[in-house]
Amino acid sequence: MARNQKPETGNAPVAGQAGETEEVAGATQTQPRPAVKRGPSVAKRSAKKEAARAEDPEEKIESAITSTERYIIQNGSKLLSLLAALVLLAGVVIAYKYAYLPSRSEKAGAAMFVAEQHFAEDSYRLALDGDGFNAGFLEVISKYGSTPQGNIAKHYAGISYLNLGELDKAYEYLSKYKPTKGVPNEVINAQNYGLQGDILVQQGQYAKAADKYSKAVSAGSNSLTAPYYLKKLALVYDELGRHGEAIKSLQRIADEYPTSIESRDVEKYIGAQEQKL
């Protein structure tokens, strides 16, 4: 073939990859290079960049702030109303706890003063109803029942009715009393449960009385009330025929309160219960 003659195209065999230089019949022919495509490595690098951008803390914060701003703009009036309500509620709670309650407690304490004197003098009707000039426990409960003084007035009212022989009224008001925390209050808490138990015993409701005496024992672990109500609990268990539980209650007196008055003859009671097993 002459040097200046163009080779025929289309029939020449293609050797190697596209874009490579091929020699056909001693002449050099350049094939057209196809469009460049991203290989796997380029795609991977792009994906890594996207992932890095997604994990970037600043990107996340910016995205979160944008979402929050959008929500506030859309719900601004509702959020402000809710915030105002919460602030108002907090103000009411603080005022009730630190201003309203102390004031009412002082008034309740003053109102109870004369009623407590009547109670100490065994004038239980005057203690309950008042003397015409001064309030009784019932009025204190009605006006200041939510205060600590109003709470203790319920206990006093229950005892007053009990001494007047009105068992249903006594149980009603004793049950309204809420046990309070603190070592000094343990005696009152135990006495309250114990008196409820005494009323139930008089009514022949021994199973319920046992529950109240158990609570009286648990209310205070002191050597004054606990052995006293453990003994009453044992006597109720005896009435119920639960002699094994009666022995356990009596044994607790011997083991845990050996210096108490109830421990003096506890072995005699234990022996009597053992004979009934």
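Start with helices H10 and H11: they cross with a left-handed sense. Select residues 243-256 for H10 and 266-274 for H11, and you'll find axes that come within 9 Å and cross at roughly 165°. An angle over 145 degrees counts as roughly antiparallel, so H10 is roughly antiparallel to H11. Keep in mind as you click around that this is a predicted model.

**Stop 1: the H10/H11 contact**

Show side chains for His243, Ala246, Ile247, Leu250, Gln251, Ile253 and Ala254 on the H10 side of the contact. On the H11 side, add Val266, Glu267, Tyr269, Ile270, Gln273 and Glu274. Colour that set by residue class and you get eight nonpolar, three polar and two charged.

Now centre on Ile270, which sits in H11. Is Ile270 buried or exposed? Its relative accessibility is 4%, and buried means under 20%, so Ile270 counts as buried. Leaving aside residues up to four places away in sequence, Ile270 touches Ile247, Leu250 and Gln251. Try a distance label from Ile270 to Gln251: the C-alpha atoms are 7.3 Å apart, with the two positions 19 residues apart in sequence numbering.

**Stop 2: back one helix, to H9**

Keep H10 on screen and add residues 226-239, which make up H9. Here the axes are 8 Å apart and the packing angle is about 165°. That makes this pair roughly antiparallel as well, H9 against H10. As for handedness, H9 and H10 cross in a left-handed way.

For the residues that meet, pick Pro227, Leu230, Lys231, Leu233, Ala234, Tyr237 and Asp238 from H9. Their partners in H10 are His243, Glu245, Ala246, Ser249, Leu250, Arg252 and Ile253. By class, the H9/H10 contact splits into eight nonpolar, two polar and four charged residues. If the stop 1 selection is still lit, look for His243, Ala246, Leu250 and Ile253: they are among the H10 residues in the contact with H11, and they are also among those meeting H9.

**Stop 3: H5 and H6**

Hide that group and select residues 148-163 (H5) together with 167-176 (H6). The two axes come within 7 Å and cross at roughly 160°. H5 and H6 are therefore roughly antiparallel to each other, and H5 passes H6 in a left-handed crossing.

Which residues of H5 and H6 make the contact? From H5, light up Asn151, Lys154, His155, Ala157, Gly158, Ile159, Tyr161 and Leu162. From H6, take Leu167, Lys169, Ala170, Tyr173, Leu174 and Lys176. Sorted by class, there are eight nonpolar, three polar and three charged residues in this contact. Leave Leu174 showing, since it turns up again at the next stop.

**Stop 4: Gln196 and Ser218**

Jump to Gln196, in helix H7 (residues 183-202). Its relative accessible area is 3%, so Gln196 is buried. Beyond residues up to four places away in sequence, Gln196 touches Tyr171, Leu174, Ser175 and Lys212. Leu174 is the H6 residue you left on at the previous stop, where it takes part in the contact with H5.

For a contrast, go to Ser218 in helix H8 (residues 206-219). Is Ser218 buried or exposed? With 65% relative accessibility, Ser218 counts as exposed. A second distance label is worth drawing here: Ser218 and Glu186 are 32 residues apart in sequence, and their C-alpha atoms are 9.4 Å apart in space.

**Stop 5: a backbone check at Asp122**

Select Asp122, in the loop between helix H2 (57-120) and helix H3 (124-129). Query its torsions and you'll see phi near 65°, a positive value in a residue other than glycine. For background, most residues other than glycine have a negative phi.

**Zooming out**

Switch to cartoon for the whole protein, and you have eleven helices and two strands. In what order do the elements follow along the sequence? The pattern is β-β-α-α-α-α-α-α-α-α-α-α-α. Then turn on a surface: the protein exposes about 18,400 Å², with carbon and sulfur atoms supplying 55% of that. Among its 277 residues, 30% count as buried. If you draw a contact map, consider the contacts with a separation of 6 or more: residues 24 or more positions apart account for 45% of them.

Note on methods: Residues numbered from 1 in each chain as written. Predicted model: local features only at pLDDT ≥ 70, side-chain atom pairs only at ≥ 80, totals over all residues. Heavy atoms only, no water. Helix = DSSP H or I, 4+ residues; strand = E, 2+ residues; numbered from the N terminus. Buried < 20%, exposed > 50% of the residue type's maximum accessible area, 1.4 Å probe, protein only. Contact = heavy atoms within 4.5 Å. Areas by Shrake-Rupley, 256 points an atom, 1.4 Å probe, with all protein chains shown as cover. Axes fitted to C-alpha atoms, helices over the stretch in contact; angles between N-to-C directions. Parallel < 35°, antiparallel > 145°, perpendicular 65-115°, else oblique. Left-handed = near helix turned anticlockwise from the far one by under 90°. Nonpolar A, V, L, I, M, F, W, Y, C, P; charged D, E, K, R; others polar.
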